[in-house]
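Please look through the sequence and the structure below before reading on. The paragraphs that follow take up a few places in turn and explain how each one fits into its surroundings.

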Amino acid sequence: METPNRPLNQPLPRSLKPKVRLSPGGGYADVLKTVEREDLHTVCKSAHCPNVGECWGERTATFMLLGNICTRACRFCAVQSGRPKELDRKEPERVASAVCKLAIDYAVITSVNRDELEDGGACIFAETVERIRDGSPNTLVELLVPDFCGDLPSLDIVLDAKPNVLNHNVETVARLYPTIQPWSDWDTSLAVLHHAHERGFVTKSGIIVGLGETNDEIYDAIRQVRDAGTDILTIGQYLQPTPNHAPILRMVSQEEFDAFRDYGLEIGFAAVMSGPLVRSSYRAKSAYYAAMEKRGEAVNAPGCSGHAVQTDSEPLVQITPLSE
């Protein structure tokens, strides 16, 4: 299919900015109170996710393990970087308690990078899955993991806990790794996805666009992620969290997002969530059901029978001129 090149070397003009449509529902206050009471971190807040109103309103949240200080300082990410505090061994229990109190049937768990730890925090991921299963055995669990510096035995610690989905985001195209996330490696990220796929897990990855890549590079990244055996893909617009982060070089049109989605489905992804405000956990449960349906496998959780799968997304961002 045609993949037009668009050279990108200028920041987005100051006269344009994304307009986020917020629609917090009635569950927002419940999630906020529970997160504060259990002294938990969420990527929703730490990474300035634009969908926090919608997701928390539906009583869903992406819990963040291993504290809220990351050992890396990727140029797209709003999570604080620096020297992390001592590992909190009670974190898995508190996350599991929050999952139970909020009656979450699909839990998404992620973390900061903890490169100073021998296993990168893998044991905390595994214990969190175990504690959730102890208190809420019907809850489906998706883990969004770091690359563990390419250490597959650490990844195996996580996989041995048997999450329903193993997610690892490639984030951007291979060419931009040295400038956007220099502590990471494209081939290492693909190896994480491939290893989880080889062990039989539903796998998932995500890409953010608008950082200076061309459309040809996006299509190539989609293809390589799929070739690694990945089942689910998310594609969203990069939104600069602070002036110190990488600039937005363009706002990608909804038509382009639709084309990325169509290409991904054409080459075999079970679900592709593609739109300006799509983030890794956006409509995650629907995407998981789509992957299981494509595999011909049953979902052992309440309410899965006859579930309507939605693999596209609405245009949630508009580009509007600002009055000077």
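A residue is called buried when its relative accessible area is under 20%, exposed when that area is over 50%, and partly exposed in between. The model shown here is a predicted one, and the cut-off can be applied to Phe76, which counts as buried because its relative accessibility is 13%.

Phe76 sits in the loop between strand E3 (62-65) and helix H4 (91-101). Which residues does Phe76 contact, leaving aside its neighbours within four places in sequence? They are Glu171, Ile180, Gln181, Ile208, Tyr238, Pro241 and His245. With one of these partners, Gln181, the separation along the chain is 105 residues, although the C-alpha atoms of Phe76 and Gln181 are separated by 7.9 Å.

Another of the partners of Phe76 is Glu171, which belongs to the loop between E6 and H7. Glu171 has a relative accessibility of 16%, and therefore it too counts as buried. The backbone of Glu171 deserves attention as well, since its phi is positive, near 75°, in a residue other than glycine. A positive phi in a residue other than glycine is also found at Arg283, where the value is near 50°. Arg283 lies in the loop between strand E9 (271-274) and helix H11 (284-295), and with a relative accessible area of 23% it is partly exposed.

The next stop is helix H8, which has 13 residues (residues 186-198) and, at 1.5 Å a residue, should span 18 Å; its end C-alpha atoms are 18 Å apart, so the expectation and the model agree. At the start of H8, the backbone nitrogen of Asp187 has a side-chain oxygen of Asp185 within 3.1 Å, while after the helix comes Gly200, with a positive phi near 95°.

Which residues of H8 are buried? They are Trp186, Ser189, Leu190, Val192, Leu193, His195 and Ala196. An α-helix has 3.6 residues a turn, so residues three or four places apart point the same way. The elements that cover the buried residues of H8 include helix H6 (152-159), strand E6 (165-167), helix H7 (177-180), strand E7 (202-209) and helix H9 (215-227).

One of these covering elements, H9, packs against H8 at an angle of about 40°, with the two axes 9 Å apart. That angle is why H8 is described as oblique to H9. On the side of H8 the contact is made by Trp186, Leu190 and Leu193, and on the side of H9 by Ala221, Gln224 and Val225. Of the residues in this contact, 5 are nonpolar, 1 is polar and none is charged.

How values were computed. Residues are numbered from 1 along each chain as its sequence is written. This is a predicted model: local features need pLDDT of at least 70, side-chain atom pairs count only at pLDDT 80 or more; totals for chains, interfaces and linings use all residues. Side-chain values use heavy atoms; hydrogens and water are left out. Helices (H or I, at least four residues) and strands (E, at least two) are DSSP runs, numbered from the N terminus. The expected span of a helix is 1.5 Å times one less than its number of residues. Buried means under 20% relative accessible area, exposed over 50%, partly exposed in between (1.4 Å probe, protein chains only). Contact means heavy atoms within 4.5 Å. A polar contact is a pair of N or O atoms within 3.5 Å; within protein, one must be able to donate a hydrogen and the other to accept it, and residues adjacent in sequence count only if both atoms are side-chain atoms. Axes are lines fitted to C-alpha atoms, for helices over the stretch in contact, and angles run from 0 to 180 degrees between N-to-C directions. Angles under 35 degrees count as roughly parallel, over 145 as roughly antiparallel, 65 to 115 as roughly perpendicular and the rest as oblique. Ala, Val, Leu, Ile, Met, Phe, Trp, Tyr, Cys and Pro count as nonpolar, Asp, Glu, Lys and Arg as charged, and the others, Gly among them, as polar.
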